[in-house]
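This briefing sets out selected local features of the structure shown below, grouped by topic for a reader with a computational background.

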Amino acid sequence: MRPDSTPATIYRKDYTVPSYLVETVELGFDLDPDRTIVANRITMQHNPASPSRSIVLHGEELELVELRLNGRALAPTEYKIEGSVLTIPRAPAQVVLEIETLCTPVQNTSLSGLYVSNGSFYTQCEAEGFRRITYFPDRPDVMARYTVMLRADKARYPVLLSNGNLIESGELDDGRHYAKWEDPFKKPSYLFALVAARLVCQEEHYTLKSGREVLLQVWVEEGNLDKTDYAMQSLKNSIRWDEERFGLELDLDRFMIVAVGDFNMGAMENKGLNIFNTKFVLANPRVATDIDYAGIEAVVGHEYFHNWTGNRVTCRDWFQLSLKEGLTVFRDQEFSADMIGTDSGRAVTRIDQVRTLRQAQFPEDAGPMAHPVRPDSFVEINNFYTVTVYEKGAEVVRMYQTLLGRDGFRKGMDLYFARHDGQAVECDDFRAAMADANGRDLRQFERWYSQAGTPVVSARTRYDAVKRNFDIILSQRCPATAGQPDKLPFHIPVAVGLLDANGKDLPLLLEGGDHPKGATTVVLELTEQEQIFRFRNVDERPVPSILRDFSAPVVLEYDYTDDELLHLYRHDSDAVNRWEAGQRLAMERLLKLTAQVSAHGDAAALKLDSTFIEAQRALLVDEALDPAFRELALILPSETIIAEQMEVVDPQAIHTARQFMRRTIGAALKTELLAQYHANQTPGAYSPDALSAGKRALKNLCLSYLLVAPDAAQLQLAQQQFDHASNMTDRAAALVALIHSGSDAASYLDAFYQDFANEALVVDKWFAMQAAAPATNVAAVRKLMQHPAFTLKNPNRARSLIFNFTNGNPAQFHAADGSAYAFWAELVIELDAINPQVAARLARSMDRWRRYAPALQEKMKQALEQVAARSKLSNDVQEVVSKALA
Ligand code: 0A1
Ligand code: ZN
C-alpha cells in the first residue's frame, strides 16, 4: 500500500524479465490447520538476460522462520521485506535458498493459497496464491520442476495428493503419514497444488490413442461417489477429443480431479491435479439439472485442455491471461459442440455463447471496468478473470478459425506448440504462429487484443436490378472506453448469406472474392472504416443475412424491416441468424412496450401485434426444428439485455413490459404450448444428452409460459410435474414456474428443501430460485440470510442468494427507495473481510449505475461512496468501486 493508501497500478509496459531463474523446488509440508510448516528448497541461477543481481521473492501472510542462502542463515540485515516483496541484494550467480515459513490455513477464508474446507486442506495458487504458501518468485515466467513431501495426520487426512507422480509414501510417528510427489514437467508456481483430505475416488485405467495407459481419478467426499460418473466420462471424452482435433496427448501417467465445496471459481488446471468447485463435478439425475451436466462437461474439458494451452505453454505475465483463457474457452466450446455432433446442436451452443456475451461481456465492455482482452494495467489481477478475457478472448480465437479455416487454424496451433512448448509467452506469439503458419498478415488483428469496447458494424445495402448487383456497405466504429477515446479499425470477419424470396440461399459471387463456386456463405473481411462489398448475378433484391454464426463479437446495425426479419426468422439456413431475427423482432417490441410503461406507469394499455405472435406460434410447432433451438427462439431477451439497449434504464418498466409480453404469448399460444409440453416429455431413464435436454428445455419453457397467469389446470400441471419429476431438471423447472406464477409456492419450497437439505448444491439452487423471484424484495433476502443453511463464507452459497438477487432480479434490486443498494454496500463490506475476490465480484453489480434515472443514480452513487470510504478495503474491492466512481 502506498502512503496515500491507494493501491498501486501495475502496467504491462513495465514488464522486466526475472532476475533469477529457478531450476528445482523441493517443498516439505507439515500440515496442521493452525500452524503449517513449509520448508522450501529452491535452486536458482542468475538470468543472463537480467541486469539485476537481486533475488526477488513474494510472500504474503507468512511468518518467516529461517532463510538460508547457499547453506548460510541470512541475518535480517542481509535481505529486506517490503510489503509482500522480499529482496536479497547482490546475490551470487548460483543459489540454493532454503526457506522455512509458517502459515495458518484454518484462518484463510480468502480461499487463495493453502486453506481448509470442511476439515481438509486444499490449495488455490492462481494467480498469486503460491506466495501465501511460501516465499517464491511468484510469477508465471519462472518455470521450475517441483518435488513435494506431504506429512499429515493419517486419520484426519488419509489422502495426500500433489502434482505429477506419487514416488513414495509411508507411515510416520504419532499417527502421521507421508507422501512424496514429483512433477516431471516444469511449471509456473500458479500451477502448484496439494490436497490433504478425507476423500474417496472413482478411478479408471484409460488407454490413450498411442497405446499408453494412464490412471484417471475423480476424488470426492464420502457419500458423493454416486455423483462422479459424468465427470469421469467427460474427462475421457476430453482426452479423446484433444487427441483427435488437435493431436494433443495427455503427457502424464496420472490425472486427478478433486472436488471441493469452498472454491472461488469454477475449477483450476493445476498440473495433473485439477481442483474443482463441487458444482462442476458432482451430478446425478436426482440433484443435477441438464445445465449442470453441460457445465460439468465444459469445465472438465476446459481444465483438461489447459494442460496444453496454459500449462505446457503458459503466460509470460498476467496481462497475457487471455492467451491461455481465451484459447481454452474456445477449445472447450468446440469440444461441447463436437460432443453434440449435429449442425443444429452446434448452432444451439453458439446461440448460448452469444447470449452470454450480450448478457455479461457487452455490458462489461461498455462499463467502468472495460478493458482490452489483453489489459494494459491492473490493480488486482484477480479482478481480471473476466468475461472479456475469457469469453471475448474466445471470440478472438474463434475469429482466427473463421479467417483461416479449420485446417489453417490447426496449422497455426501446431506451429504454436512447435515454437513455444515449455515456454511462457505472449498473445502476440499466438497471433504470429497463426499468421506464419498460414502466410497471412494479421498485424491489424492485434487491435482485438489492445482496444477495449464492443465494435459496432453498421450495414447498408443497395440493389441494382439492371446490373444485377447487390452491394453491402459495411462501416465500423467503436465507442470510447476508459483511457481509449479513439479507436482504430478492427479486422472483422463478417459472414454473409443472401436469401431469395422463397427463403433459399443464393449461390454467391463476390466481386474480388476467392470463395468456392456456389458457396452460400462468404466471409467479408472488414478492415477499413468503411468498405463496399459487391455481389454479382443477383436476380432479385435479396434479404441479407449478416454476421452469420455470429462471426465477430460486434453489435450489428442494419435497418431490417419487420418483413425482412420475419423472412429470416422463417427461413434463414444459418440457425444463429434465424434466432437473431426473432430476438430483433422481440427487442423492438420490448423497447416500445417498456417506453409505454415508463410513460404511463402500468401495463393496462399495452398491446402485442399478432404478426409477432404468429411467428412465434409457427416456430413453436415446427417439428422439423430441434426442440433446443425452438426453446432458445421462444425465450425473450433478458431484462439485462433489454436494459443495455436503453439510454436511461427503467428496470421496473422493463420487467412489466417483458412480463406483459410473456403473459400475452402464453395466453395466445396456450393450445400449442400445452401440446408441445406433452409432446416433449422424456419418459424412461434420465439421460443428459443434447436431444433429451433440448426436449426438457422446450417442455419447461412451455410450462413457464403457461404459468405466467395460470388457471387451476395449469397450476396443477406444474404441481404434478414437481411431485412426480424423476430428475432435477424437471423438478426445479416446476418449482421455478410455481414461484414465478405468483401463486403461493411456500409448501413446494419447503418440500424441496426437506428433500435436499443434505445436498449443498441443491440448497444453493433453493436459495437462487428465491433470490431471482419477482416477489423477492430486499427484506425477503435479508430474511433468507437468517436461514440456518445460509453462510457468506461459502462462495457458492453467497452467490446463490446475494448475486442472484443483485444480478438476477433487477426490478427488485433497483427498488425506488434504494434499500437494496444499502444492502449491497453492507454485503460488499462484510464479504470483503472474509473473501475479497467474492466481494469484488459482488461490487461489480453496480457497474452500470450511470445508466439509471437520476434518482436511482444518486442512491447508487451514495452506496458506492459508502463502500469506497471504508479504510480497510481490499485492493480487489477498492479497484472496482474506484473505477465505478471515476
Ligand atoms: N484458471 C482457472 C480459473 C481460476 C482462476 C483463479 C482462481 O482462483 C483465484 C481459480 C480458478 C480456469 O480458467 O479454469
Ligand atoms: Zn481457464
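**Backbone geometry in two loops**

Ala127 lies in the loop that connects strand E11 (120-124) to E12. The model is a predicted one, and the points below cover unusual backbone geometry, strand pairing, a zinc site and helix packing.

- The peptide bond between Glu126 and Ala127 is cis, with omega at about -5 degrees.
- Leu111, although not a glycine, has a positive phi of about 60 degrees.
- The loop that holds Leu111 runs between strand E9 (94-103) and strand E10 (113-117).
- As background to both cases, most residues other than glycine have a negative phi, and most peptide bonds are trans.

**Pairing of strand E2**

- Strand E2 (residues 20-30) and strand E3 (residues 36-46) run antiparallel and are joined by 10 bridges.
- The connection from E2 to E3 is a hairpin through 5 residues.
- Within this pair, Glu26 stands opposite Arg41 of E3.
- E2 also pairs with strand E12 (residues 143-153), in the parallel sense and over 7 bridges.
- Asp30 has Arg151 as its bridge partner in E12.

**The five-stranded sheet and its helices**

- An open sheet of 5 strands follows the order E18-E19-E20-E22-E21, and its pairing is mixed.
- Strand E18 (200-207) and strand E21 (267-268) are the edge strands, each of which pairs on one side only.
- Strand E19 (residues 213-220) and strand E20 (residues 254-260) run parallel, with 5 bridges between them.
- Val258 in E20 is the bridge partner of Trp219.
- Helix H1 (residues 229-246) packs on this sheet and touches E18, E19 and E20, and its direction makes about 25 degrees with that of E18.
- Helix H2 (residues 290-306) also packs on the sheet, touching E20, E21 and strand E22 (273-277), and its direction makes about 150 degrees with that of E22.

**The zinc site**

- Which atoms coordinate the zinc ion (ligand 2)? The donors are NE2 of His302, NE2 of His306 and two entries for OE of Glu325, at 1.9 to 2.8 Å.
- Along the chain, the donors of the zinc ion (ligand 2) follow the spacing H-x3-H-x18-E.
- His302 and His306 are separated by about one helical turn, because they are 4 residues apart in helix H2.

**Helix packing: H17 with H18**

- Helix H17 (residues 728-740) packs against helix H18 (residues 746-756) at an angle of about 150 degrees, and their axes are 10 Å apart.
- H17 is therefore roughly antiparallel to H18, since angles over 145 degrees count as roughly antiparallel.
- The crossing of H17 and H18 is left-handed.
- H17 contributes Met728, Arg731, Leu735, Leu738 and Ile739 to the contact, and H18 contributes Tyr748, Leu749, Phe752, Asp755 and Phe756.
- The residues in the contact of H17 with H18 comprise 8 nonpolar, no polar and 2 charged.

**Helix packing: H9 with H11**

- Helix H9 (residues 575-600) and helix H11 (residues 627-634) cross at roughly 30 degrees, with axes that come within 9 Å.
- H9 is therefore roughly parallel to H11, since angles under 35 degrees count as roughly parallel.
- Ala575, Arg578, Trp579 and Gln583 of H9 make the contact with Phe629, Leu632 and Ala633 of H11.
- The contact of H9 with H11 divides into 5 nonpolar, 1 polar and 1 charged residues.

Technical notes:
Residues are numbered from 1 along each chain as its sequence is written. Chains are lettered from A and ligands numbered from 1 in the order in which they are written. This is a predicted model: local features need pLDDT of at least 70, side-chain atom pairs count only at pLDDT 80 or more; totals for chains, interfaces and linings use all residues. Side-chain values use heavy atoms; hydrogens and water are left out. Axes are lines fitted to C-alpha atoms, for helices over the stretch in contact, and angles run from 0 to 180 degrees between N-to-C directions. Angles under 35 degrees count as roughly parallel, over 145 as roughly antiparallel, 65 to 115 as roughly perpendicular and the rest as oblique. A crossing is left-handed if the near helix is turned anticlockwise from the far one by less than a right angle, and right-handed if clockwise. Contact means heavy atoms within 4.5 Å. Ala, Val, Leu, Ile, Met, Phe, Trp, Tyr, Cys and Pro count as nonpolar, Asp, Glu, Lys and Arg as charged, and the others, Gly among them, as polar. Two strands pair if DSSP finds at least two bridges between them. Donors are N, O and S atoms within 2.8 Å of the metal (3.2 Å for Na, K and Ca); water is not among the atoms, so sites may look incomplete.
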